[in-house]
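Me: Please take a close look at one part of this model, the contact surfaces of a single chain. I would like the domains and the helices that build those surfaces.

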Amino acid sequence: MAKTQKTHVTMKVNGEEVEGLVEPRTLLVHFIRENLQMTGTHIGCETTHCGACTVDLDGMSVKSCTVFAVQAEGAEIMTIEGMANADGSLSALQEGFRMMHGLQCGFCTPGMILRAQRLLKENPSPTEAEIRMGISGNFCRCTGYQNIVRAIQYAAAKINGVEFQEAAE
Amino acid sequence: MNDMTPTREQREAKLEGMGCKRKRVEDIRFTQGKGNYVDDVKLPGMLHGDFVRSPHAHARVKSINSEEALKVPGVLAVITAETLKTVNLAWMPTLAGDVQMVLADGKVLFQNQEVAFVVATDRYAADDGINKVVVEYEALPVLVDPFKAMDADAPVLREDLAGKTTGAHGPRKHHNHVFEWTVGDKDLTDAAFKKADVTIKEMISYHRTHPSPLETCQCVCSFDKIKGELTIWGTFQAPHVIRTVVALIAKIPEHKIHVIAPDIGGGFGNKVGAYPGYICAAVASIVTGKPVKWVEDRIENLTATSFARDYHMTTEIAATKEGKVTGLRVHVLADHGAFDACADPSKWPAGFFNIVTGSYDFPTAHLAVDGIYTNKAPGGVAYRCSFRVTEAAYCIERGMDILAQKLGMDPAELRLKNFIKPEQFPYHSALGWEYDSGDYHTAMRKMMESVDYAGLRKEQAEKRAAFKRGETREIMGLGVSFFTEIVGAGPSKNCDILGIAMFDSCEIRMHPTGAGIARVGSKSQGQGHETTWAQIIATEIGIPSDDIMIEEGNTDTAPYGLGTYGSRSTPVAGAAIAMAARKIKAKAQMIAAYKLEVHEGDLEWDIDGFRVKGLPEKTMSMKDICWAAYNSVPPGMEPGLEAVSYYDPPNMTYPFGAYICVMNIDVDTGVYKVRRFYALDDCGTRINPMIIEGQVHGGLTEAFAIAMGQEIRYDDEGNVVTGSFMDFFMPTAVETPHWETDFTVTPSPHHPIGAKGVGESPNVGGVPAFSNAVNDAFSFLGSTHIQMPHDYWRNWKAAKNLGVFA
């Protein structure tokens, strides 16, 4: 078997131009984790089910374990490493996850936060049912989702400049 | 006092000690993608290993040809059992006293068994290499059904055991028999059944499933040839045990093995045992002289690295006609797959299944467990459970509901009638445990009041009448579950792993400025130890929890511990932490007495320091004592402020809880709706209520998954038919019910802070609550017991079998 020809790719990740040489079969998640050495994006299943590898690609939530790096040529990508505020403080979603205990082992968290930020851009004031449907492509094995829902509600309130009110049980 | 002096409340609050909802320390890095998990470890020159796996469930391996694979660019080595034999590692011991093939040695015994290990420069090249390894198999008859395992003509699976009539746990009755384990008084129990007014008998299966943490099992092994040292980064729930196991089987001196468990992406029992990937990566690093990473994919995780449950429990209860239980008899057929790779304390082949008398005062009981081999993946790990306790809780909680149905009694009333009474604690169970404490009636009544149990039963009766009149096709079930857990393994008198007593440990070092570090033998996989362990220390020694750093998982720095599983961290490591802190406090008191020029006995503790009795102005804070410990200790005293504690618990702890699930099922589609789930937990002293609630939510979600659909299922050829997240039920936020949590507090009398552990309770109590809800819903149609998992299809089938479509 001949050594596979490598392809040059460029894309914008978290606002910075990056480039690299990849095999045509190199997955975007491996390009991010191994070439760019940004390990916040995780791999949980390799079959697009679990969502641990979710990144934002040209304004869409995408599972980077089933996208080739070459498909992201010229794309704008955001990963968890780009989520904090410009001054380095935690963004509303990151803060919400911490305040509402929306994470335990932390493995699903980067994908979950990336998905949640896109959800809130699409729907700034989602209902609980809309949040649950909106994150249904992301598995969490630890939290039972209830506190993730609260974390997203907390962030939505903060972004919208309203007081966070917990739904009555 | 001036206005600037903090109040007592302010001083308390500043500590963020036990009982407060302290926000987690870990979240700062996890929310920013700065966790450090095993696959994030990248070393110069690192290679990747991956497995050639068997497509067959049972076959002879005629030949393995690696020639073409070695020509693949990037492939450096192909390791087979023959390679491993040169270092005597073709087989490895399991924690259950069995042996397991590391790589197929002559035959394969389950689908996806490890056959060869391809080592290459990157994971893609390793995969290319796998596709070029040619393995010639000769298929053999496959054994899948556990009930046929001990037939006279059943295929012989374990040829390596030929002629061995005794295993690690006594005599073997058949070539596919692993062990028989019996507990209790058989004659007395048989007599109780002879005398009983009422008896029930049901075969209750707890199906095979898998812990499937979101991060799979993985490791990086790096052997330094010059120093002769092996460093392993791995997804280990018990890093010290891994170090000792490696020392014993690889013959590397234990001080030259460095095991590091970094951040772990969930464990749930999956990451306790030792797997072929670890051995192969270590051997590959020794052979190549380079670091080798092994990361399993999801299909490999679900199909090869362990499983949980697969217990088939024939359950009999004897009772008086008034509903007083008089005897319990259980026989378990335990399917262990191809190798017995349970991760139980070594002397307990069926874990603590003898907690099966549950929360009830059974005068006598008898239990027999037969372990058997089949052509399935090896394991039998405790998936969010303390060693077969979830199987036991399911067995007795289903059994009690079946008995209630036969007696025509309400299941809650039957339980209240048979609970161990508060005054009976410490209670000695018929199967040998000493329950430390409990108040079951209070918990049960609180649950019943909180959900308006009587009102729900009334609604159910109305719905049933409406169903019978043909006005609705929806049926309603109430799933009551009252569990008693047994956690905190465990006392050295009855718990060890490979001969190492199951203590745990903590070392605390206070620095001169009043901050400190505590290193603990446990290992968090999401439980939040970095947060809660500091809270225990804060309360014990009066230093803010923010000023205590917690470190776990590095065997070079942490004191020896047995790790985190079986809800043992709080009962054992938590106790060690409190005891180490108390040693710090005892020395601090001597220093304070010296500095305040009083006798030690003249001092009393006050939140964050000592004060002189009767002279509240004369105080010395712990922070100031830390400084003094490094410059002006009493004459003759060693400077410094450090302590180590190894804690051997005197007993297990026994958390308990009362759960109820309210469910509607549409009989025409089998679709269920969980209307309400209420969980009351009593885990003794509560260290961090926020984290406890989170643990309960997570455990309930896993219980929901297991009871309602999550299963590792095999077809007749031994093919895994639920081997990916496409088929293996993983609830999303949409399916997952809303959880209501509640609590009572009955502190453990023997634990230093009265805590009992909670992480696994919701799984143990949750599964029977869901299953009882489904069974309760169908019971009025004439059904006694429907096996789990209760997915839509099975519910529809149950309805069909009960004739509702006539």
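Reply: What follows covers the domains of one chain, then its two contact surfaces. The model is predicted.

Start with the layout. The assignment splits chain B into three pieces, domain 1, domain 2 and domain 3. Domain 1 of chain B takes in 8–35 + 504–647. Domain 2 of chain B is built from 38–140 + 216–264 + 271–304. Domain 3 of chain B covers 307–489 + 652–801.

Now the internal surface. The C-alpha centres of domain 1 and domain 3 of chain B are 38 Å apart. Across this boundary, 21 residues of domain 1 of chain B are in contact with 23 residues of domain 3 of chain B. On the domain 1 side, α14 (529–541) and α15 (569–596) of chain B each give at least two residues. The top contributor to that side is α15(B), with seven residues. Sorted by class, the domain 1 side holds 10 polar, eight nonpolar and three charged residues.

Next, the surface towards the other chain. Here 45 residues of chain B are in contact with 47 residues of chain A. Three helices of chain B, α2 (27–30), α5 (123–132) and α17 (689–708), each bring at least two residues to the chain B side. Of these, α17(B) has the largest share of that side, six residues. The make-up of the chain B side is 17 polar, 16 nonpolar and 12 charged residues.

To recap the helices: α15(B) gives the most to the side of domain 1 of chain B that touches domain 3 of chain B. On the side of chain B that touches chain A, α17(B) has the largest share.

Technical notes. Residues are numbered from 1 along each chain as its sequence is written. Chains are lettered from A and ligands numbered from 1 in the order in which they are written. This is a predicted model: local features need pLDDT of at least 70, side-chain atom pairs count only at pLDDT 80 or more; totals for chains, interfaces and linings use all residues. Domain bounds come from an automatic or database domain assignment. Two residues are in contact if their C-beta atoms, placed from the backbone, lie within 7 Å. Helices (H or I, at least four residues) and strands (E, at least two) are DSSP runs, numbered from the N terminus. Ala, Val, Leu, Ile, Met, Phe, Trp, Tyr, Cys and Pro count as nonpolar, Asp, Glu, Lys and Arg as charged, and the others, Gly among them, as polar.
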